[in-house]
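Biologist: Got a minute to go through this model with me? Put it up and I'll start asking.

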Amino acid sequence: MENMIFNRNKINRLKEITKPKIGWFATNTPEEIIIAAGLHPFRITGEMAKGAGRDVDFMGRNVCSYARSCLDEGMSGIYDFVDGFIFSNPCDARIRIYDYWRLHLNPNYHFFLDMPKKIDKASKMYFRMQIHKMISSIE
């Protein structure tokens, strides 16, 4: 119960912030770019999920609880006040979150940051291109 009160307070504090708010899902999201654009970043945690089962309808039970909880939060309307979302691909489940969120929740702004999985010259160039795309999409 105490955790639920803390999370509700966190959401209420976010609503009071006058800057446009951008939610993100993966720890590899470059918050510095969001902040430099004059936006307020915050992490989607899945902690406010109601567990109504709609997430299972879309993703199935074999997907991690974090991904399902994030989807449940979005489907519950908890983040309806948010201006946009940035998604990344640390796992397949988060790619699916992006698909469902984009298609079924239709946020005002969404961006998918495709992170390379290995480190070599080509992946560094690809990552640089992805960062430039993210910056252009936020501006």
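Modeller: Here we can go from the overall fold to the last helix.

Modeller: Before that, this is a predicted model, where local features need pLDDT of at least 70, side-chain atom pairs count only at pLDDT 80 or more, and totals for chains, interfaces and linings use all residues. Residues are numbered from 1 along each chain as its sequence is written, and side-chain values use heavy atoms, with hydrogens and water left out.

Biologist: Fine. How many helices and strands in the protein chain?

Modeller: The protein chain has 6 helices and 4 strands, in the order α-β-α-β-α-α-β-α-β-α from the N terminus. Those are DSSP runs: helices are H or I with at least four residues, strands E with at least two.

Biologist: Which residues of α6 are buried?

Modeller: Ser 123, Gln 130, Ile 131, Met 134 and Ile 138, buried being under 20% relative accessible area and exposed over 50% (1.4 Å probe, protein chains only). Down the axis of α6 they fall within an arc of 100°, so they line one face of the helix; the arc is taken from the directions from the helix axis to the C-beta atoms.

Biologist: And what's on the face turned away from the buried side of α6?

Modeller: Exposed residues there are Lys 121, Ala 122 and Met 125.

Biologist: What covers the buried residues of α6?

Modeller: The cover includes α2 (31–36), β3 (84–88) and β4, going by contacts, meaning heavy atoms within 4.5 Å.

Biologist: Switching topic, where is Asn 106?

Modeller: Asn 106 is in the loop between α5 (92–105) and β4 (110–113). Asn 106 has a positive phi of about 45° although it is not a glycine, and is exposed at 58% relative accessible area.
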